[in-house]
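Q: I have a protein model open in front of me, and I would like to learn how to read it. Could we go through some features together?

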Amino acid sequence: MACPTHAFLYNTTQCACNPGYLFNSTANSCALFSEHGPPLVLSTGIDYGSALTFPGTIFSFDSIKKFTQSQAVFLEATLVMLLCWLSFCLLLRLFPLGSDGRSLWFKIRWWISRLDISFATRHWLHDQSPVVKRKTELGGTFSIASWILFIGLFAALLYQTISKRSVEVHNVRATNGPDLVSFLNDLEFNITTISSMSCAQLRGLGTIVTGNPLFIDRRDIPLSTFANYSCLNTTTGPTITIHCKNCRLFRDFAYVSWQFIDLPNNPATAVGFQFNLTAKKNDRKKHMSFVSGTLKNVSDFDDKPITYRGAVPNILKFNLFPRIYHNLHDLKLIQPLFHDFLPGSYFGDASQLQESLQSSRDGLVNTTLCISFLSSYILEIDNQNILGPVSFLADLGGLYCISIGIFFCFLVQCEYRITRLRNEDRIMKNIRNRRKAQERWEKLRKYVTYTWGSCSLDDTMSEPNKASCTGAMTKSFRQSGSKHRRKRQDISNAVSFCQKVTLPNEKKVEEEHVHMQELRSTEAPLNLERQSSFSIEKPPKAERR
């Protein structure tokens, strides 16, 4: 007869897996039990999240916590944004400002200088110079950098305040008899023997032993008077369930034992144990205290896989600790705790396991559940706030001072060591003022052209003796009369030229009237100029004889 991999033959007709291997009837193979899960998994404590099922369906708190496990996430994001901003501002300084102020780089650098909101009155000053409000590109860069740092630190502080605004304080006090009587909980014990056995092999379950088995206070009580028990076949093995409703716990110890025996073609072997103990209040089932775990099948001396089989019991020890949750309206709940596991008979060598399977002497797996009620003390749990509004505001003010102070030191050092950074606001203002003046002058040119005609103001500025579109005459008082008459004719020609280009046809009458008034207004200055062009000479005084 051929056996699967990691298996051996016994009794000439039957196969069994090697120590530590579990038989899979579906795949007809043996697999190492340690590959199915971690060696020891424990989870203990009250289930606070059971009362938050409705918000949990709307907001995925687990996904948010996955990205915000600590304050380091906020600090790293702040550092990245800060470096990006400083690199961007440094890159802009590599491009020239230009002289006309119309380039894109000048506009960006100008608006960065307008962001100087934190250091506008803290720039470099000469001795006895008055403090004025100046906005520089360097100040704008460091102002935004300080605010980026402050916002990042504020987010980290806010995360700390929300996540650690209160701590759970545990207080231990000695118990009185009436205090223990009020602890009435629903307890459930689930012990799974990981193997290929079934509940048909179960024997000896039905008695609970209280007190110390070696002393006179030992008591044997039927398990049915204490709790309901059952056995359920699962894919990993038979599960023993002991359920007690409104349990009145024993003062010291309680023991429950059971065995799995050999059946034809189904030997009693196990490779591990799983447990799950829960405790909940009968009238407040939304809160539950629990402990669960998986025990790895290794020996006490090395990590060699083993298989449990024999008369020596495998003892699972648990402690039950009374707790009062003052933060949950004085909830009285029993906390189950995993204490220890004492392995019984086991085999780590295939030949030894083969000999045991061929004899009926070791044909059982003995298990004992040991429950210890720690009734000497009661643990009181309450929440205590560690962050108040005053401390939060103090931390916030400190972060603001740190953020401003760091970049203020950088600003002072840069302006002290680099002289051209002290007056960069004046350079940018001069460039921008020239551009604004040129824009206003262009607007004025367009207005004059639209109103009086398409005359060239540049020619008028270059030749001051020619007429302007307004009809005004700029002349020297030293010109002759013939030039005055010629300029008067040029004025009328210029006026008529402007009238023809820019003015609409339906207003000819009004325009002629306006031009006549302009011509008349120019004649009077011309006459005055003509009269003033002649010098008034005084007669010479008679000489004294």
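Q: Where is the place of I381?
A: This is a predicted model, and in it I381 belongs to strand β21, which covers residues 377-385.

Q: Is I381 buried or exposed?
A: The general idea is to look at relative accessible area, where under 20% means buried. I381 has 0% relative accessibility, so it counts as buried.

Q: Which residues is I381 in contact with, leaving aside its neighbours within four places in sequence?
A: One group of partners is E168, V169 and H170, and another is R323, I324, Y325, H326 and N327. Take I324 as a case: it is 57 residues from I381 in sequence, yet their C-alpha atoms are 6.1 Å apart in space.

Q: Let me step back to the whole protein. How many helices and strands does it have?
A: There are twelve helices and 21 strands. Of the 545 residues, 36% count as buried. You can also ask how far along the chain contacting residues lie: among contacts with a separation of 6 or more, 74% are between residues 24 or more positions apart.

Q: Now a helix. How many residues does α3 have, and what should they span?
A: The idea is to allow 1.5 Å a residue and compare the result with the distance between the ends. Helix α3 has 21 residues, 72-92, so it should span 30 Å; its end C-alpha atoms are 30 Å apart, which agrees.

Q: Which residues of α3 are buried?
A: They are T78, L82, W85, C89 and L92. These residues cover an arc of only 95 degrees around the axis, so they sit on the same side of α3. On the other side of the helix, E76 and L90 are exposed.

Q: What do the buried residues of α3 pack against?
A: They pack against three helices: α4 (104-114), α5 (137-163) and α8 (389-417).

Q: How do the axes of α4 and α5 cross?
A: For a pair of helices, you can read how close the axes come, the angle and the handedness. Here the axes come within 6 Å and cross at roughly 65 degrees, and the crossing is left-handed. On the α4 side, the contact is made by R109, I112 and S113, while α5 brings E137, G140 and T141. Sorted by class, this contact has one nonpolar, three polar and two charged residues.

Q: And I108, is it buried, exposed or partly exposed?
A: I108 is in helix α4. Its relative accessible area is 26%, so it is partly exposed. Leaving aside neighbours within four places in sequence, I108 is in contact with F88 and L92. You can also find E137 by distance: it is 29 residues from I108 along the chain, with 9.9 Å between their C-alpha atoms.

Q: What sign does phi have in most residues other than glycine?
A: Most of them have a negative phi. In this model, T12 has a positive value, near 65 degrees. N265 also has a positive phi, near 65 degrees.

Q: Where do T12 and N265 lie?
A: T12 is in the loop between β1 (7-10) and β2 (14-17). N265 is in the loop between β13 (253-261) and β14 (272-281).

Q: Are T12 and N265 buried or exposed?
A: With a relative accessible area of 66%, T12 is exposed. N265 is exposed too, with a value of 66%.

Note on methods. Residues are numbered from 1 along each chain as its sequence is written. This is a predicted model: local features need pLDDT of at least 70, side-chain atom pairs count only at pLDDT 80 or more; totals for chains, interfaces and linings use all residues. Side-chain values use heavy atoms; hydrogens and water are left out. Helices (H or I, at least four residues) and strands (E, at least two) are DSSP runs, numbered from the N terminus. The expected span of a helix is 1.5 Å times one less than its number of residues. Buried means under 20% relative accessible area, exposed over 50%, partly exposed in between (1.4 Å probe, protein chains only). The arc is that of the directions from the helix axis to the C-beta atoms. Contact means heavy atoms within 4.5 Å. Axes are lines fitted to C-alpha atoms, for helices over the stretch in contact, and angles run from 0 to 180 degrees between N-to-C directions. A crossing is left-handed if the near helix is turned anticlockwise from the far one by less than a right angle, and right-handed if clockwise. Ala, Val, Leu, Ile, Met, Phe, Trp, Tyr, Cys and Pro count as nonpolar, Asp, Glu, Lys and Arg as charged, and the others, Gly among them, as polar.
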